[in-house]
Amino acid sequence: MNAHTLGILLLGSTGLAVVVWVLHKLGKALASVAEALAAAAVVFLALWWVLKAVAWIFKEILTHPRTTLAVLAVAAWCFWLGWLSLVVSGCVVAAGLLTWRRLHLVSFDQWAGRALRSWWFRWALYMPKLPEWLHACGLSVKDDTVPVDLTVTLVGRKKITRDQQRAGVRLPKVRRVRSGASWDEVRVELVPGQKPEDFDEAARELAVARKVARCQVRELAPNVVSIDFQRRDLLAAPVPCPRFAELDASSVDLRRAWAGRTEYGQDWHLPLYGSGSHTLTAGASGAGKNSVMWCPLASIAPAIRDGLVRVTGIDPKGMELAYGRGIFHRYAVTPKDALEVLDELVAAMDARKAEFAGRVRTVPVSVENPLELVEFDEIGALTKYTDRKTREQIIEKVALLTTQGRALGFTVRGYVQEPTKDTVPVRELFPRRICLRVTSKSHVGMVLGDQAYERGAWANRIGESEAGTGYVWGEGIREPMRVRAGWVPDEAVKALEAFVTGGGVLGVAA
Ligand SMILES: Nc1ncnc2c1ncn2[C@@H]1O[C@H](COP(=O)(O)OP(=O)(O)OP(=O)(O)O)[C@@H](O)[C@H]1O
């Protein structure tokens, strides 16, 4: 090997070493750049997921505030205080709620039970199941009109894709679930292509899907309907009237006369004396107004017999009350007689006022000063359909009795078919109202007040076969409550008459 070759080899090795060194340095630099990029990507991704999670939590808080906050509260509790204290506290709360439920079912249900049941039904039943039912009942909109994207590739092939988000079917969204004692209201928002009538037509199928006897649909807005499912009906069968022959005088409480049953399957009481005793009952013909009248009278039969209660009957039809004529201390049919009877009552009230003023705040019921109970059937017949002079006088006397009678032991109970203001101008003077089956939705508000219908007093939907069923609201009842008056058949009215007049205690099998 000569010097020239040696020089070339040396130069070549040096060049190669330099190239290797440069590549090594380049590789190192590239590796650190890649490392930095990877770290940045990880940080960016982590930040992106955190942001997404925060956005999701905010969205959930906004759309389902109660549920999300409850879940967050439970998680926070577990994190800071431990799960054991959570379980113990949960058991204590559950025991408290169960005790409350046992002691007072109605107040428990109206303040806590409804909210818990609504929440549970929403998440466990209606959110997962309703879309399925709606689809099965033909209440979904098929998205045949989904746009199709055509992609032409470089090699000339065509790829057809559908917008995955909008493919398939569109279903109404559940907006709210409200669960009452007997009915569940599921509010849904319709999708374009649907109308409320579609839901009306599918009501029967929906009832079958939910496995309940009845389902009704209410239109709340052009694109919102409430699908109402009747879960149970404890008032389907007539409620028997009390066995008054077996009652003894000491068990009669005039402030809580038994009147029938509530939709919770509990006793329904009405006050005949004291606060909230003036009662107006509205109901279409055949709605069962007379059972609201007769049933409490049957439950206080011993007090009527003993002279602690004196019943006055005003009966413009001259039929219904005449059947138990002996029960009534005073009785009137014609407008003239009615006015006379009312005059007599107002005079008695004034005499009592003169005797007791300044001595007591409420006149105690006794044989000398009995509770004067006025049963005014078809009150509209005399406050609208008589001559003006008599009408005005009758209205004036009823107003006097309802405004001044409570503390003096005078109670008026009126019954009306048409609860409009011009039929019953003294409507507002009756603090307690009962709405039996009525012919129009507007009547519900007239009897029970604004919002009664919206809050579930659907008295216009009571069936003709459900006579005696109605709604009560106000006077300590937070939500409209469905009730059914005890049914007092004809023979029971006769037996009641015999009982209170001392004509033999016949009693009635309940
Ligand atoms: N509580 C009830 N339970 C079961 N059936 C009842 C009840 N109340 C009434 N009915 C039935 O409904 C029918 C009509 O009842 P009721 O006479 O009380 O109606 P109403 O509202 O007074 O009607 P109208 O104003 O026409 O007199 C009764 O004959 C009876 O068959």
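**Close-up views of a predicted model**

**View 1. Strand 15 and its parallel neighbours.** Strand 15 and strand 16 (residues 410-416) pair in the parallel sense, with 5 bridges between them. The model shown here and in every view below is predicted. Look for F376, whose bridge partner in strand 16 is G414. Strand 15 also pairs with strand 13 (residues 309-314). These two strands run parallel as well, joined by 6 bridges. Here the residues to find are T312 and V374, which are bridge partners.

**View 2. The cover around strand 15.** Is strand 15 mostly covered or mostly open? Strand 15 spans residues 371-376, and 6 of its 6 residues are buried. Both faces are covered. On one side sit L371, L373 and E375. On the other sit E372, V374 and F376. Now pick out E372, which is found in strand 15. Its relative accessibility is 1%, so E372 counts as buried. The cut-off for buried is under 20%. E372 and F410 are 38 residues apart along the chain, yet 4.8 Å separates their C-alpha atoms.

**View 3. Strand 8 between two antiparallel partners.** Strand 8 covers residues 224-230. Which strands pair with strand 8? Strand 6 pairs with strand 8 in the antiparallel sense, over 7 bridges. Strand 7 (residues 214-221) also runs antiparallel to strand 8, and 7 bridges join them. A hairpin links strand 7 to strand 8 through 2 residues. D228 is a useful landmark in strand 8: E185 stands opposite D228, and Q216 stands opposite D228 too.

**View 4. Both faces of strand 8.** Strand 8 is mostly covered, with 7 of its 7 residues buried. One side carries V224, S226, D228 and Q230. The other side carries V225, I227 and F229. Both of these faces are covered.

**View 5. A salt bridge between strands 5 and 6.** The structure holds 27 salt bridges. One of them joins the side chains of E189 and R175, at 2.6 Å from N to O. E189 lies in strand 6 (residues 183-189) and R175 in strand 5 (residues 173-179), so the pair ties together parts that are 14 residues apart in sequence. Are these two side chains buried, exposed or in between? E189 has 27% relative accessibility and counts as partly exposed. R175 has 41% and also counts as partly exposed.

**View 6. More salt bridges, and a network.** R178 forms a salt bridge with E185, and the closest N and O atoms are 3.0 Å apart. E185 counts as buried because its relative accessibility is 9%. A further salt bridge brings together the side chains of D306 and R305, at 3.0 Å from N to O. D306 is partly exposed, with a relative accessible area of 33%. R305 is partly exposed as well, at 36%. Elsewhere, R178, E185, R218, D228 and R461 are joined into one network by salt bridges that share partners.

**View 7. Helix 7 under cover.** Helix 7 runs over residues 289-299. Why is helix 7 said to be largely enclosed by the rest of the structure? The reason is that 11 of its 11 residues are buried. Among them are the polar or charged names K289, N290 and S291 and the ring-bearing W294. Others to locate include V292, M293, C295 and P296.

**View 8. A patch of negative charge.** Four labels mark this view: E197, D200, E201 and E219. They gather in a patch of negative charge on the surface. Which helix gives the most to the negative patch? Helix 5 (residues 196-201) does, with 3 residues. E201 has its place in helix 5. Its relative accessibility is 62%, so E201 counts as exposed.

**View 9. A nonpolar patch on the surface.** Here the labels are W83, L84, V87, V88 and V92. They form a nonpolar patch on the surface. Together they have about 530 Å² of accessible area. V87 lies in helix 3 (residues 83-103). At 42% relative accessibility, V87 counts as partly exposed. An α-helix has 3.6 residues a turn, so residues three or four places apart point the same way.

Definitions and conventions. Residues are numbered from 1 along each chain as its sequence is written. This is a predicted model: local features need pLDDT of at least 70, side-chain atom pairs count only at pLDDT 80 or more; totals for chains, interfaces and linings use all residues. Side-chain values use heavy atoms; hydrogens and water are left out. Patches are made of residues with over 30% relative accessible area and no salt bridge: like charges are joined within 9 Å, nonpolar side chains (Val, Leu, Ile, Met, Phe, Trp, Tyr) within 5 Å. Accessible areas come from the Shrake-Rupley method with a 1.4 Å probe; for residues, only the protein chains shown count as cover. Lys and Arg count as positive and Asp and Glu as negative; His and the chain ends are not counted. The place of a charge is taken as NZ of Lys, CZ of Arg, CG of Asp or CD of Glu. Helices (H or I, at least four residues) and strands (E, at least two) are DSSP runs, numbered from the N terminus. Buried means under 20% relative accessible area, exposed over 50%, partly exposed in between (1.4 Å probe, protein chains only). Two strands pair if DSSP finds at least two bridges between them.
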